[in-house]
Amino acid sequence: MAHYVAAIDQGTTSTRCMIFDHAGRVVAYDQKEHEQVYPRPGWVEHRPLEIWERVQTVIRGALAKGGVALTDLAAVGITNQRETTVVWDRRTGQPYYNAIVWQDTRTDTLINRLAQEGGQDRFRPQTGLPLATYFSGPKIAWLLENVDGVRAAAERGDALFGTMDTFVIWWLTGGPEGGVHVTDVSNASRTLLMDLRTLDWDPDILRVLGIPRQMLPSIVPSSQVYGRATGALAGVPVAGDLGDQQAALMGQTCYSVGEAKNTYGTGCFMLLNTGTEIVPSTSGLLTTVGYKLGNQPTVYCLEGSIAITGALVQWLRDNLGLISRSPEVETLARTVEDNGGVYFVPAFSGLFAPYWRSDARGAIVGLTRYVNKGHIARAALEATAFQTAEVLEAMEKDSGVALTALKVDGGMVYNDLLMQFQADLLGVPVIRPQVAETTALGAAYAAGLAVGFWDNLEDLRQNWAVGKTWQPGMAADTRARRLGEWKKAVQRTLNWVE
């Protein structure tokens, strides 16, 4: 009898394989970083075959560390960095070009042209999304126009598109030898190509962007057996697929209308469950698919996406050398009492929610001779909390629901200084669960539900437990003043790119 479920978490900076038991506890995991490729300012790429090699390495590593046999595994689920776009040859598995990462802004000219012709919201009624460089559809259009041979191959049926879930599942189930070409509803809803109501590719948008339908994967539920793995997981059912933020919603057990979570990773993503209702946003949020379990009704969400949060700490480490390891940012930030009047707006690839401005660029404002590197570190951490506060404000406006607490997860939630400041700024408790690796856990849950390892959502709710809570302690007038100063700083970043 199988005792565990595995999850492959293919993220922006690294790939992990995690193995969970029935109580949702981590049994074993392995993790490997992959290279970030920056060919030009604003361009961000990954090498897809390097990532596939990392996937295989971490699978073997996790199995070995946990002493887990393949017969112990009920299923494997996949979760992934969303919107990152790869096109490859179905006969060889060879990518035609590097994967274009979600943060990449090379499609801004195309986005501006599309907006001039029909406004920034021209596809929002069908897709729930504004026109932005963030999404996959325009990246596919760029590859078709700019990489030799891709359009001809796509029209012949030889070129396949996928986000990283699709690429990993295709290789996992055999690759050129019969690999399954699918994506789930949550990932498909981030392409700017899927109709939220029909859960199918929108023919009009495909025509506008010049994308041949035959290169696109089949859209499937988030929890369903898609096929069986080959290689290191030979024979294990591949049964779950969720974009990373939707996977975190699943792992945080936000299954009721009005429940929300915020994931602090490379970027920051807040999702609010709106149930089976599609709620259009008027405040700069995205309307997106949360998940679809087998043939049950689709669950939708409102999402606030922030491009740069944890990536700002990496920037302090790798580009400035202010710290040598990411956790040191908290130690450095604690050398000062406050931010010294400094605000750091990390609009490195424009601003996402609630602004959606690709013309913005990063700025550090409020500098005086008094300011030292401790203040810069503190302002960098506070930037994450300020951006989250703006997203929450938009979410409450759109949904009419006032949040009473925020469930948090991701790598930055072990930073006590940041989490306390977040609670202060929101004026509600911030709650970290005992298992904060909720992205991988959500993918495991989706896969386990598909094969009957867990019976229902109530089973999963029983697994969720509070790890730590931060209570707000900031006076309301201080909160209002600090948020006002932050918004003033944001204004300084706009209209930078002509």
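**Exercise 1. Which helices each supply at least two residues of the lining of the largest cavity?**

Solution. Begin with the ground rules. This is a predicted model, where local features need pLDDT of at least 70, side-chain atom pairs count only at pLDDT 80 or more, and totals for chains, interfaces and linings use all residues. Residues are numbered from 1 along each chain as its sequence is written, and side-chain values use heavy atoms, with hydrogens and water left out.

Step 1: find the cavities. Rolling a probe the size of a water molecule over the atoms shows where empty space is left. Here a cavity is a set of points on a 1 Å grid over the protein atoms alone where a 1.4 Å probe fits but cannot get out. The structure holds three cavities of 30 Å³ or more. The largest has about 70 Å³ of space, a volume being the space filled by probe spheres set on the points.

Step 2: read the lining (residues with an atom within 4 Å of a point). Among them are Ile-306, Phe-352, Gln-387, Glu-390, Trp-486 and Val-490.

Step 3: name the helices (DSSP runs of H or I, at least four residues, numbered from the N terminus). They are H12 (373–399) and H16 (476–491).

**Exercise 2. Sort the lining of the largest cavity by class.**

Solution. Ala, Val, Leu, Ile, Met, Phe, Trp, Tyr, Cys and Pro count as nonpolar, Asp, Glu, Lys and Arg as charged, and the others as polar. The result is ten nonpolar, one polar and one charged.

**Exercise 3. Describe the two sides of helix H2 (residues 108–118).**

Solution. Step 1: list the buried residues (under 20% relative accessible area, 1.4 Å probe, protein chains only). They are Leu-110, Ile-111 and Leu-114. Seen down the axis, they fall within an arc of 100° (taken from the directions from the helix axis to the C-beta atoms), so they line one face of H2.

Step 2: turn to the other side. Thr-109 and Gln-116 are exposed there, meaning over 50%.

Step 3: find the cover. It includes H4 (136–146) and H8 (203–209).

Step 4: look just past the end of H2. Gly-119 takes a positive phi of about 85°.

**Exercise 4. How many residues of helix H9 (residues 244–251) are buried?**

Solution. Eight of its eight residues are buried. They include Asp-244, Gln-245 and Leu-249. Just after H9, Thr-253 has a positive phi of about 55°.

Note on methods: Contact means heavy atoms within 4.5 Å. On a 1 Å grid over the protein atoms alone, a cavity is a set of points where a 1.4 Å probe fits but cannot get out, and a pocket is an open set with protein on both sides within 12 Å along at least five of seven lines; lining residues have an atom within 4 Å of a point.
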